[in-house]
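Q: Please take a close look at one helix in this structure and at what surrounds it. I would like a single connected explanation that a first-year student can follow.

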Amino acid sequence: MRPASSVIYLDWNATTPPHPEVLAAMQAAAEAAWANPASVHGPGRRARAFIEQAREAVARLTGFDARDVTLTSGGTEANNLALLHAFGDEADAAGVPAAGRLHGALVVSRIEHPSVTRAAEGLAGRGVHVAWVDPEPSGRVAPEAIAAAIDRAAAVAPVRLVSLQAVNHETGVVQPIAEAAAIVHVRGARLHVDAVQAVGRLPPDAWAGADLVSVAAHKIRGPKGIGALAVRPGIRLRPVLLGGAQERGLRPGTQDPVAAAGFAVAARRALGAPDRYAALAPLRDRLEAELTQVGRAAGASPVRNGEGARAPHVTNLSWPGWRGDELCAALDLEGVAVSSGAACSAGTAEPSPVLTAMLGPERAASAVRFSIGEDTTEADVVEAAFRVARVLSRLWSLPAGS
Ligand SMILES: Cc1ncc(COP(=O)(O)O)c(C=O)c1O
């Protein structure tokens, strides 16, 4: 029996606990590779080896060539780099982006991570025509809706890029990437896939056909602060930051060999992770069933947000009439770590834009996301449901919304 005080971590979509092999590799690299990886001497070359090992491992994991992998500070920067690359005048010979107004059209779904939606808003402010695609109430973005948005946008400006995530961070709904890729390519545009929540959880067909793929190490049991953008050969990126020649000038700044050492190990481990994640589906279903049962017993059954194809480790539930953020805070006091939206939006009073776009603001305001991972056990799920029951019976004795 687990001590009542121990925390049950059911927020694997926010981040994953670094794997012990990752921590060991980082510890070893911290001692051996403190030199600047851009230095040409021996210590510099030893540090650089960790950078190249991470690049190789990410290339294998994503199915791209190592030459076409740019290491970034994480998923956010990879997404920004991907969106920026398609717009504006050609960068000058030094790779400096041309200033001023940008040209072309971008098609993007409304349920993307803020690192895509905010970047799209930024591009719109600089002259890019942005066409937003609404999801179905199930959380899926229909390929036909993407086709219609491209065709509408093309009447205004040439569509250069479509951005569609592989798996939604809040609901776990899997998007129809292969169908979207066919639609995008036949119309002469490129497809960027934010695969941050898919890589290391689903097999590579989850991003099949993508021209640009974003990855973050901390979602695959690697360290925070490092990620990558993999691109098809011939795609020319435009740097977001300006500076030295690191990452072929696309991502200037001294690289971190320690983070890279951890990323390499995490990416190698992630090759086998989809099988481990697939085995989690019965545990996720058990969690859903337990939560539905305790909700019913407390007088209010939760409703699920997200239908159809879903990643095997996520469930998003709304308790209508209650606030998701308050439930999360009450669960935190009981030692259950969950979230009511994307972790990066925590602390904002705004209901999730993803769930608002799918099902409206009321469902969004009452949502709680539970995401399990490789270390979650059946005992965790049973105990978490027990603690949820305790919270619900306490809250339910109060009038709703008080
Ligand atoms: C789908 C998705 N894209 C991008 C990101 C951003 O990644 P990072 O935290 O590495 O900046 C996240 C993080 O939650 C995410 O879930």
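A: To compare the directions of two helices, a line called an axis is fitted to the C-alpha atoms of each helix over the stretch in contact, and the angle between the N-to-C directions can run from 0 to 180 degrees. In this predicted model, the part to follow is helix α9, residues 281-297, whose axis comes within 9 Å of the axis of helix α13, residues 378-396, and crosses that axis at roughly 20 degrees. Because angles under 35 degrees count as roughly parallel, α9 is described as roughly parallel to α13, and the crossing of the two helices is right-handed.

On the α9 side, the contact is formed by Leu283, Arg286, Leu287, Glu290, Leu291, Val294 and Gly295, which meet Glu378, Val381, Val382, Ala385, Val388, Ala389 and Leu392 of α13. Sorted by character, the residues of this contact comprise ten nonpolar, one polar and three charged.

Helix α9 also has a sheet to consider. Three strands make up this open sheet in the order β9-β10-β12, with antiparallel pairing, and its edge strands, β9 (303-304) and β12 (367-371), each pair on one side only. Strand β10, residues 314-318, is joined to β12 by five bridges, and these two strands run antiparallel; within this pairing, leucine 317 has valine 368 of β12 as its bridge partner. Against this sheet packs α9, which touches β9, β10 and β12 and has a direction that makes about 15 degrees with that of β10.

Key. Residues numbered from 1 in each chain as written. Predicted model: local features only at pLDDT ≥ 70, side-chain atom pairs only at ≥ 80, totals over all residues. Heavy atoms only, no water. Helix = DSSP H or I, 4+ residues; strand = E, 2+ residues; numbered from the N terminus. Parallel < 35°, antiparallel > 145°, perpendicular 65-115°, else oblique. Left-handed = near helix turned anticlockwise from the far one by under 90°. Contact = heavy atoms within 4.5 Å. Nonpolar A, V, L, I, M, F, W, Y, C, P; charged D, E, K, R; others polar. Pairing = 2+ DSSP bridges.
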